Amino acid sequence: MKFDLSYRDKELSRITTKKNELIVIGGGITGAGIALDASSRGIQTVLLEKRDLASGTSGRSTKLIHGGLRYLRQLEFGLVKETGRERAILHKMAPTLVKPEPMLLPILKNGTLSLFEAIIGTWLYDTLAGVKKNERRKMLLKGSVRALEPALREDWIRSGIYYYEYQTDDARLTMEIAREAAYRNASVITYAKVKGFLFDSSKKIIGVCVDDLLNGKSYEIKADVVVNATGHWTDITSRLNNLNSNIVLKKTKGIHIVVDAANLPIGQAIYTEALDRRMIFFIPKRGKVYIGTTDTDYYGDPDNPDITERDIDYLLSSANALFPSYKLKRTDVESGWAGIRPLVFKKETINNSTISRKDEIYLDKNSGLISIAGGKLTGFRKMAERITNIVEMKIKNRTTKCGTHNVLLHSSKTENNLPLNDYLYNCSNELVNRGFTRFTADDIVARYGTATKNIISGYDNMQHCNNSELRLLLAEYEYCKQHELCIFPSDFFMQRTGYIYFDIKKVNLYYTHVYEYEKKINNIHSTLIDSDYTLTTAILNSWIHK
Ligand SMILES: Cc1cc2nc3c(=O)[nH]c(=O)nc-3n(C[C@H](O)[C@H](O)[C@H](O)COP(=O)(O)OP(=O)(O)OC[C@H]3O[C@@H](n4cnc5c(N)ncnc54)[C@H](O)[C@@H]3O)c2cc1C
């Protein structure tokens with residue numbers, strides 16, 4: 001099935017000419033998860049996203065599917081258990097996208113995490129989260145921590161723990177979940193901004209008004225139920241048409257920076273305490289290491305969270321304190337991203353102690369709007385299940401069982417029941433046979449999984465291009481346009497491939513070619529392509545020329 005502009009056009013004319021069952025606003029992981037669950041239960045669903053899928057926080061996270069270790073500190077045992085179970089399910093749903101990541105947790109001498117707390121905590125974690133035998137935590141003496149990471153500041157280390165987190169590509173996971181919903185008949189429409197609600201005579205919401213950001217038109221889309229899953233915009237969306245909403249979110253910003261692995265050559269991911277005793281991650285990926293995250297109150301533009309020099313200084317000085325010999329400089333920072341956390345205030349008392357990092361569902365009895373905010377990437381399936389139960393009860397007066405734990409995402413499906421790893425290895429070999437390095441081949445396979453074969457056939461067909469690196473990039477672009485609802489080159493460089501974060505030099509080298517190619521296809525108004533070009537250029541300039 002095509003998941004492209006023609007799909008978008010067809011679905012738009014379908015959903016605007018009839019009454020739908022469910023509209024979900026927000027194409028982050030929460031909205032995509034709800035669309036998948038609802039469409040899997042046979043609910044006719046529309047998913048509306050104002051920009052690209054995962055262009056909000058779902059493409060700007062630490063990219064970990066947590067086992068829930070951090071929740072132990074808040075004694076959230078139930079949450080640890082649920083998170084651990086979810087992690088195993090997500091790995092089964094998408095083995096090519098959700099993979100184990102060995103992680104070193106050094107215990108520092110003057111740190112806030114005591115050895116006792118760490119031992120009990122990780123033991124409890126293994127037990128509650130149902131961690132696989134071969135992934136259970138190992139206690140390390142100082143000497144073993146030093147052997148694993150000789151550059152870690154020696155006089156700070158007391159001991160350590162070796163355990164497993166799972167890593168993912170947050171934006172691709174979101175896209176794949178949304179695409180899976182589309183395979184089940186959901187209408188997934190990006191660049192469709194909800195600007196207001198439609199009401200019946202008793203002031204109940206019966207649909208939404210949408211601006212189509214690709215052609216300037218406006219539409220009315222009707223549905224039995226509307227769900228607001230707009231992440232840190234949830235409070236704003238809940239007040240459209242001056243609705244009286246009690247949703248109060250505290251917004252904090254978290255940034256990550258990317259350096260070349262040669263400048264921070266760590267052996268595995270590290271999770272430890274930063275200078276101010278907040279936890280900090282160092283995660284190797286695609287020949288780079290990303291470092292994060294910050295946690296500062298955010299009152300700025302919700303659509304464009306910025307990265308300040310202060311944010312970068314904080315991460316660099318924490319890295320340099322922990323790894324003094326690497327002496328990271330500002331010029332070593334190649335790229336980065338910023339995401340906003342919507343932390344939920346309970347409405348009764350508004351003070352810091354009532355802020356929760358859990359998700360919260362709000363049912364507006366007057367308008368009928370259902371809103372959900374907070375939560376984690378890791379917990380999206382359970383959040384979707386809870387919302388879909390409510391939606392199904394409203395529409396059909398019954399609930400059926402959630403079956404999303406049985407879904408196998410497209411990029412993890414093989415043909416003829418071939419074992420997945422053999423299939424992926426063959427794909428990688430085919431790229432190597434065409435002259436690419438194993439690193440490049442594995443990078444493509446890590447991104448597209450079994451769909452790499454489509455990229456390869458696109459590459460073979462693109463014989464007019466004699467620069468093999470550009471040819472592969474254009475084959476990727478073409479695939480993303482046809483099968484991943486990629487509308488603009490910036491969607492490609494950010495959400496679909498992450499090149500702007502992990503290979504910004506390649507983007508700088510070739511991005512004008514991708515825009516030229518897009519203009520040749522000529523299916524989007526050229527002024528929109530021009531402003532997308534300006535956006536990409538501005539991002540590149542903000543990093544490359546620093
Ligand atoms: C720095 C950071 C690191 C994190 N790391 C992790 C991690 O490692 N693991 C983990 O499990 N969780 C992590 N999280 C949490 C996780 O990323 C979020 O909980 C999750 O991505 C939120 O998804 P969402 O769909 O609710 O929101 P979003 O992804 O923000 O999606 C909301 C969407 O709604 C759209 N929208 C808004 N208004 C409208 C409108 N009017 N019309 C149409 N669409 C609209 C937006 O464009 C956006 O795409 C992290 C969060 C942050 C900030």
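Colleague: Which helices and strands each supply at least two residues of the shell around the ligand?

Modeller: α2 (29-40), β8 (192-199), β11 (249-260) and β16 (333-345) do. Helices (H or I, at least four residues) and strands (E, at least two) are DSSP runs, numbered from the N terminus. This is a predicted model: local features need pLDDT of at least 70, side-chain atom pairs count only at pLDDT 80 or more, and totals for chains, interfaces and linings use all residues. Residues are numbered from 1 along each chain as its sequence is written, and side-chain values use heavy atoms, without hydrogens and water.

Colleague: Which residues come nearest to the ligand?

Modeller: Thr30, Glu49, Ser58, Leu64 and Thr378, out of 36 around the ligand. Near means a heavy atom within 4 Å.

Colleague: Which polar backbone atom lies 3.0 Å from an oxygen atom of the ligand?

Modeller: One of Thr57. A polar backbone atom of Ile29 is 3.2 Å from a ligand oxygen. A backbone N or O atom of Thr62 sits 3.0 Å from a ligand nitrogen. The protein covers 97% of the 1,000 Å² of accessible area that the ligand has on its own (Shrake-Rupley method, 1.4 Å probe).

Colleague: What describes two packed helices?

Modeller: The angle between their axes and the distance between the axes. Here, α16 (residues 504-521) and α17 (residues 526-544) pack at about 175 degrees, axes 11 Å apart. That makes α16 roughly antiparallel to α17 (over 145 degrees). Axes are lines fitted to C-alpha atoms over the stretch in contact, and angles run from 0 to 180 degrees between N-to-C directions.

How values were computed
Angles under 35 degrees count as roughly parallel, over 145 as roughly antiparallel, 65 to 115 as roughly perpendicular and the rest as oblique. A polar contact is a pair of N or O atoms within 3.5 Å; within protein, one must be able to donate a hydrogen and the other to accept it, and residues adjacent in sequence count only if both atoms are side-chain atoms.
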